[in-house]
Protein chains: 2
Amino acid sequence: MANTIITIGRQFGSGGREIGKKISEKLGISFYDKELLNRAAADSGICRELFETHDENAKNTFWSSLVSTPDALGYPPTDFFAMPIHHKVFQAQFNTIRQIANEGACVIIGRCADAALADNENVLSVFIYADKDARIDRIAKKHEITVDAAKDMIKKTDKQRAAFYNYYTSKKWGDLKSYDLTLNSSVFGIDGCVDLIIESLNKR
Amino acid sequence: MANTIITIGRQFGSGGREIGKKISEKLGISFYDKELLNRAAADSGICRELFETHDENAKNTFWSSLVSTPDALGYPPTDFFAMPIHHKVFQAQFNTIRQIANEGACVIIGRCADAALADNENVLSVFIYADKDARIDRIAKKHEITVDAAKDMIKKTDKQRAAFYNYYTSKKWGDLKSYDLTLNSSVFGIDGCVDLIIESLNKR
């Protein structure tokens, strides 16, 4: 368990980030969500704003892909300078995820981390989902928006995450076959999910 | 936990049955896989062979459905005697699952038990899957058949199970949103899955 990397994919509003944060605190290990963008920006020298713009968002990727399609796990292309910018950003993030994993145990939220670390035997790949009403309620409260606005935000964000994951990996976002363990946080609660994921580390 | 019903959906060759059997032994509760067919036959008076023929198999259901489409969870239709035979068999099984759930804690393998017990708060709904090579290996050894024959058997059986589940419920077989918890038995092993499922009963 010493060097275990826990990657957490999550439906928007399912509490996946909170679960990951609590796991990292309980185990005393590093935690990367938006933190990954800062690190990738610092590592690569590409400005932070570009990581934010392209964060788990494959928007415009389709049009670029007509010119240059990434070979999912066959990264990196040989000529970094000739890459479209969203590929450069993804490549930099991909490299940072691998670097972070070499530094020791941690929790990484989203960003195709499970695919970036596909060859790493120390990875536990988790996906968190929740009942729709619970997600709407969580997002409406968190962002202080209406139920309808929360519904729109959930739909749009999950669509972006799915498109990003499906574009850059050979797997399917939110398909159980892409993960080792999936949990409904409406059933087990945030703390229940935290405990079960930590427990599962000892069962592999 | 006293009256918990654990329903286990499973990919063919994933070890779902073995996991369920071990859970029932550890917890000292009843176990229903093929046992359900005997019980449903005895309860309904319909001969056992018909339950075997239609067991998790929606074959020919499509053609019957052109005449009479079941309203998934809107069962039962009012006129039992006018039902096509596969509906009668399903209905009898559905009734038996509900009866069994009223009798106390148990493990039920497949047969849309999670849908039959959708209104029961004591249900934990699990799905077990596994890496393809592990499933092929397990089935080839268990049935003493070639790798190619095992591949065919897996493909056919999972197709039947999915068609049966998707036809008789409003959910999708093997879609994580249909379950509370899903586990890859290639990652956690049979005993790891047993322990994690039992552990999860205390976290709901």
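Me: In this predicted model, which helix gives the largest share of the lining of the largest pocket?
Reply: Five elements each supply at least two lining residues. From chain A these are strand 4 (123–129), helix 7 (132–143) and helix 8 (147–168). From chain B they are helix 6 (113–116) and strand 4 (123–129). The largest share, four residues, comes from helix 8 of chain A.

Me: What is the volume of the largest pocket, and which residues are closest to its centre?
Reply: The volume is about 1000 Å³. The lining counts 41 residues. Closest to the centre are D175(B), L176(B), K177(B), S178(B) and Y179(B).

Me: How many residues of the lining of the largest pocket are charged?
Reply: Sort the lining by class. Nonpolar residues number 16, and polar ones eight. The charged residues number 17.

Me: Which strands stand at the edges of the sheet?
Reply: The open sheet has 10 strands with mixed pairing, in the order 2(A)-3(A)-1(A)-4(A)-5(A)-5(B)-4(B)-1(B)-3(B)-2(B). An edge strand here has a single partner, so one of its sides has no neighbour in the sheet. The edge strands are strand 2 (30–32) of chain A and strand 2 (30–32) of chain B.

Me: Which residue stands opposite I6(B) in strand 3 of chain B?
Reply: Strand 1 (residues 5–10) and strand 3 (residues 106–109) of chain B run parallel. Four bridges join them. Opposite I6(B) stands V107(B).

Me: Which residues of chain B lose the most area to chain A?
Reply: In the contact between the chains, 23 residues of chain B meet 23 of chain A. The two chains bury about 1900 Å² between them, 65% of it on carbon and sulfur atoms. Three residues together make up 32% of what the chain B side buries. They are L176(B), F188(B) and K203(B).

Technical notes: Residues are numbered from 1 along each chain as its sequence is written. Chains are lettered from A and ligands numbered from 1 in the order in which they are written. This is a predicted model: local features need pLDDT of at least 70, side-chain atom pairs count only at pLDDT 80 or more; totals for chains, interfaces and linings use all residues. Side-chain values use heavy atoms; hydrogens and water are left out. On a 1 Å grid over the protein atoms alone, a cavity is a set of points where a 1.4 Å probe fits but cannot get out, and a pocket is an open set with protein on both sides within 12 Å along at least five of seven lines; lining residues have an atom within 4 Å of a point. Grid points are joined across faces, edges and corners, and a volume is the space filled by probe spheres set on the points. Ala, Val, Leu, Ile, Met, Phe, Trp, Tyr, Cys and Pro count as nonpolar, Asp, Glu, Lys and Arg as charged, and the others, Gly among them, as polar. Two strands pair if DSSP finds at least two bridges between them. Contact means heavy atoms within 4.5 Å. Buried area is the accessible area (1.4 Å probe) that two parts lose on being put together, summed over both.
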